[in-house]
Amino acid sequence: MLSPILLCALVCLAQQPAQTPAQTPPEPKPVDVHAEHPARPLFLANCAQCHGETGDGQGTTKLDRQARSFQDGGFSYGNTPEALVRTITYGIPGSPMPSFEKALALEQRKQLAEYVLLLGPVQEKTDAKDSVMVVKDRPLVVRGKLPPVVEGGPEFPRGLLIGTPEGLSFEYRTDDVRLLAVRNGEFADRADWRGRGGDALVPLGKTVHVRESGSDDWIFARFGALSRRQMRASEVLGGAGRLRYELLDPSGKHVANVLETPTAFTCSAGAGYARRFEIDPGVPDPQSALASHEVHGALAELKLRRGLASPRANVLVLEEITLPGVLWPADAAGQKKLMDSFLAEAKR
Ligand code: HEC
């Protein structure tokens, strides 16, 4: 049978007086800009199973949440080419989005970022506000009042953000030096610089992990009863943002100095973050490697604590690695495999 369009074309032709040539040239076939792009084979091989061949988010792999539809163009973790390269390189902690740092060369990741942007609607260029701070190749540390981490939660009048070049931001309260949350994406808006003061420092990334208060006590448990931590300084040194603080006992006496360095961490099990603690003076730690798996509501987190070689005698170096959303296998063999991959793939 003839298709209606063809049928119509035939009818129209038949009605056209033979002597007048067609007035309008035929519509050019729309060129598929994507098919020509050098990154298309890479996209099909590495991304399409989750994001769909057309980038509509409907891949063949079944996930607990939908992979992003690039056609809609709404990027939660930043929509600049740099931000996309970061997401592709380091993955998204707490989500199935893997890290491609080892699997793909930087040039390929850049091409993919460009390709992903092409799949979406044309972007309007917006001028970043003067007060928006962007982390480039060195970490940034800023202090200010922080808005609540969870809806309806308290504000933190004294807070601090460390932004890393991998696109993570670590959000701390500084009155008691505790990690509140980890975000991924853009860094921060110094809204407090715009108005007459009083506005909070606004973290711009999307929260990928909220820490339960006190959930890092397992790091310091061997020091006995501690009353609080007292902030001493923050610094950017050796390519990392770091915090210096003191541990105090209930009578306010000094127990130890701590240097804490948060960084991004990826391994084949997923993307997350690591915090390194250099504790001086350290006390011997017979159980330096420990794993803990906790579930808070819908959120599962896998944490690993391990001892590292110390730069100086008397200093205890521990690292806590958190992989939000990664499940601790139920069987011993699976647990051992995951633990081994953690330890083998740690970057230092
Ligand atoms: C195993 C499945 C999987 C694979 C493979 C995968 N992704 Fe993803 N990706 C996801 C999921 C799920 C999300 C959404 C995460 C979220 O929003 O929490 C995501 C999010 C993203 C984002 C962030 C979008 C935003 O909101 O800012 C980008 C960019 C991205 N993927 C690019 C890629 C590219 C490029 C590849 C191939 C090199 C790829 N992904 C491969 C599952 C996958």
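This report describes selected parts of a predicted model.

**The ligand shell**

The shell around the ligand holds 24 residues, and those that come nearest are Cys47, Cys50, Phe75, Tyr77 and Met97. Three elements give two or more residues to this shell: α4 (48-51), α5 (81-90) and α6 (106-119). Sorted by class, the shell has 15 nonpolar, seven polar and two charged residues.

**Two packed helices**

Packed helices are described by the angle between their axes and the distance between the axes. For α5 and α6, the angle is about 120 degrees and the axes are 9 Å apart. Their crossing is right-handed. On the α5 side, the contact is made by Pro81, Leu84, Val85, Ile88 and Thr89. The α6 side brings Arg109, Lys110, Leu112, Ala113, Glu114, Val116 and Leu117. Counted by class, this contact between α5 and α6 has eight nonpolar, one polar and three charged residues.

Asp72 sits in the loop between α4 and α5. Asp72 is partly exposed because 13 other C-beta atoms lie within 10 Å. Gly55 is 17 residues from Asp72 in sequence, and the two are 9.2 Å apart in space, C-alpha to C-alpha.

**A five-stranded sheet**

Strands of a sheet pair through backbone hydrogen bonds, in either a parallel or an antiparallel way. One open sheet in this model has five strands in the order β2-β3-β4-β5-β8, and the pairing is antiparallel. Its edge strands are β2 (140-146) and β8 (206-210), each of which pairs on one side only. On average, neighbouring strands of the sheet are turned by 30 degrees against each other, direction ignored.

β2 is joined to β3 (residues 156-163) by six bridges, and the two run antiparallel. Within this pair, Leu140 has Gly163 of β3 as its bridge partner.

**Two hairpins around β10**

β9 (residues 228-237) and β10 run antiparallel and are joined by nine bridges. Ser234 has Leu243 in β10 as its bridge partner. β9 and β10 form a hairpin with two residues between them, and Gly238 in the turn has a positive phi of about 60 degrees.

β10 also pairs with β11 (residues 254-267), in the antiparallel sense and over six bridges. Here Tyr245 stands opposite Val258 in β11. This hairpin of β10 and β11 has five residues between the strands, and Gly252 in the turn has a positive phi of about 90 degrees.

The side chains alternate along β10 (residues 240-248). Gly241, Leu243, Tyr245 and Leu247 point to one face and are buried. Ala240, Arg242, Arg244, Glu246 and Leu248 point to the other face and are not buried.

**Backbone details in loops**

Two residues that are not glycine have a positive phi, as the table shows.

| Residue | Phi | Loop between |
|---|---|---|
| Val177 | about 40 degrees | β4 (168-173) and β5 (178-184) |
| Asn314 | near 80 degrees | β14 (299-308) and β15 (316-324) |

Are these residues buried or exposed? Val177 counts as buried because it has 22 C-beta neighbours inside 10 Å, and 20 or more are needed for that class. Asn314 counts as exposed because it has 10 C-beta neighbours inside 10 Å, and the limit for that class is 12 or fewer.

A cis peptide bond joins Asp280 and Pro281, with omega at about 0 degrees. Pro281 lies in the loop between β12 (270-280) and β13 (290-296).

How values were computed:
Residues are numbered from 1 along each chain as its sequence is written. This is a predicted model: local features need pLDDT of at least 70, side-chain atom pairs count only at pLDDT 80 or more; totals for chains, interfaces and linings use all residues. Two strands pair if DSSP finds at least two bridges between them. Helices (H or I, at least four residues) and strands (E, at least two) are DSSP runs, numbered from the N terminus. Axes are lines fitted to C-alpha atoms, for helices over the stretch in contact, and angles run from 0 to 180 degrees between N-to-C directions. A residue is near a molecule or strand if its C-beta atom, placed from the backbone, lies within 6 Å of it. Ala, Val, Leu, Ile, Met, Phe, Trp, Tyr, Cys and Pro count as nonpolar, Asp, Glu, Lys and Arg as charged, and the others, Gly among them, as polar. A crossing is left-handed if the near helix is turned anticlockwise from the far one by less than a right angle, and right-handed if clockwise. Two residues are in contact if their C-beta atoms, placed from the backbone, lie within 7 Å.
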